[in-house]
Amino acid sequence: MAESYGIIVETRLDNYHRDRVLHILCREGGLSFTFQNTRYHVSRHEYVIITEAALASEFLLSDDFSGIVLWIRHDFVSAAAIRNNYDVIGRLSLMRNPVMKLTECDYGRCLSDLLRMQERIADTRHIFRDELLAHLLAAHILDLYDIHARQEEKPAVSERYAAILHGFIDLLQNGHFLISRDLKYYAEKLCITAHYLADISREVSGKSAGFWIERFTINEMVRLVVDTRMPLTEIAEKMNFKSLSHFSRYFSAKVGAAPTKYRSSVANKY
């Protein structure tokens, strides 16, 4: 295992870091996992990006699995990320499907990026190692943007639409879904109408604005529930539900299991 302040590079999933972003490049063999109630199967030369590792579970690796596993601190990703019009599309798309198929050329590029990071992590004498790694990660992120954008073949996004959707997603990432899950609240924050926000979300992301509000809500609920240190009553209060029973009904409807059952089924996985 190679490790720096912001990045851990491994060849197996022997250690699980729920508080980090997870990247996996499958070199040989395969693996499968569950993410947001969907089972994914990953084959040779495919790439996995899970922005909230706490939401993934039940990893199974084939006997001949070979790959590179990257665990990245969220603040390290934020510092390295390049903010452009494609960034918001990529972020939302990965929440829908965290697996990317790679061409042989793209696979070679990703492998080169990851091996370079692994090599430089080992250089502990480098005075500016973390800064160097941040730049290498930024270059890799741009490669991933390029790969994903070519696969999606979506039309260019205008500066206006990108800025609005960035603002909307930033509000969600900053936890405003804990305050309100009403579309009008976000539209007012962005100084536009709810109808306009809904239209932009559908045109750019292919999903309604309400879908993204709900997705961030569900992600946070699951993240908190699998952390057994917080009582469910505190989670319900933090999530701004009127009562524990209201929270439990909502969780059961969206996740497919009561929070107590979900917590017990996941707690001892890793």
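Biologist: Let's start with Phe-168. Which residues does Phe-168 touch, leaving out those up to four places away in sequence?

Modeller: Phe-168 touches Tyr-186, Leu-190, Leu-197, Ala-209, Trp-212 and Ile-213. Keep in mind that this is a predicted model.

Biologist: Which residues touch the most other members of the largest nonpolar core?

Modeller: Phe-168 is one of them, along with Leu-22, Phe-33 and Phe-59. That core has 59 residues.

Biologist: And which helix gives the most to this core?

Modeller: Helix α8, residues 209-226. It supplies 10 residues.

Biologist: How many residues are in the other core, the one lying apart?

Modeller: That core has 29 residues. Val-9, Tyr-47, Leu-133 and Ile-147 are among them. As a general point, nonpolar side chains in soluble globular proteins tend to be buried together.

Biologist: Back to the helix around Phe-168. Which residues of α5 are buried?

Modeller: Phe-168 itself is buried, and so are Ala-162, Ile-164, Leu-165, His-166, Gly-167, Ile-169, Leu-171 and Leu-172.

Biologist: What span should α5 have, and how far apart are its ends?

Modeller: Helix α5 covers residues 159-173, which is 15 residues. At 1.5 Å a residue it should span 21 Å. The end C-alpha atoms are 20 Å apart, so the two agree.

Biologist: What comes just after α5?

Modeller: Gly-175 does, with a positive phi of about 90 degrees.

Biologist: New topic. What is the strand order in the six-stranded open sheet?

Modeller: The order is β1-β2-β8-β3-β6-β9, and the pairing is antiparallel.

Biologist: Which strands stand at the edges?

Modeller: β1 (2-3) and β9 (99-101). Each has a single partner strand, so one side of each has no neighbour in the sheet.

Biologist: How many bridges join β3 and β6?

Modeller: Four, in the antiparallel sense. β3 is residues 20-28 and β6 is residues 46-50. Leu-25 has Tyr-47 in β6 as its bridge partner. Tyr-47 also belongs to the 29-residue core.

Biologist: Which helix lies across β3?

Modeller: Helix α3, residues 104-121. It runs at about 120 degrees to β3. It also lies across β1, β2, β6 and β8.

Biologist: Last one, cysteines. How many disulfides does the structure hold?

Modeller: Zero.

Biologist: Why is there no bond for Cys-26?

Modeller: The closest cysteine sulfur, in Cys-110, is 13 Å from the Cys-26 sulfur, so it is too far for a bond.

Biologist: Is Cys-26 buried or exposed?

Modeller: Cys-26 is buried, at 0% relative accessibility. Cys-191 is exposed, with a relative accessible area of 71%.

Key: Residues are numbered from 1 along each chain as its sequence is written. This is a predicted model: local features need pLDDT of at least 70, side-chain atom pairs count only at pLDDT 80 or more; totals for chains, interfaces and linings use all residues. Side-chain values use heavy atoms; hydrogens and water are left out. A nonpolar core is a set of buried Ala, Val, Leu, Ile, Met, Phe, Trp, Tyr and Cys residues joined through side-chain atoms within 4.5 Å. Buried means under 20% relative accessible area, exposed over 50%, partly exposed in between (1.4 Å probe, protein chains only). Helices (H or I, at least four residues) and strands (E, at least two) are DSSP runs, numbered from the N terminus. Contact means heavy atoms within 4.5 Å. A disulfide is a pair of cysteine sulfur atoms within 2.5 Å. Two strands pair if DSSP finds at least two bridges between them. Axes are lines fitted to C-alpha atoms, for helices over the stretch in contact, and angles run from 0 to 180 degrees between N-to-C directions. The expected span of a helix is 1.5 Å times one less than its number of residues.
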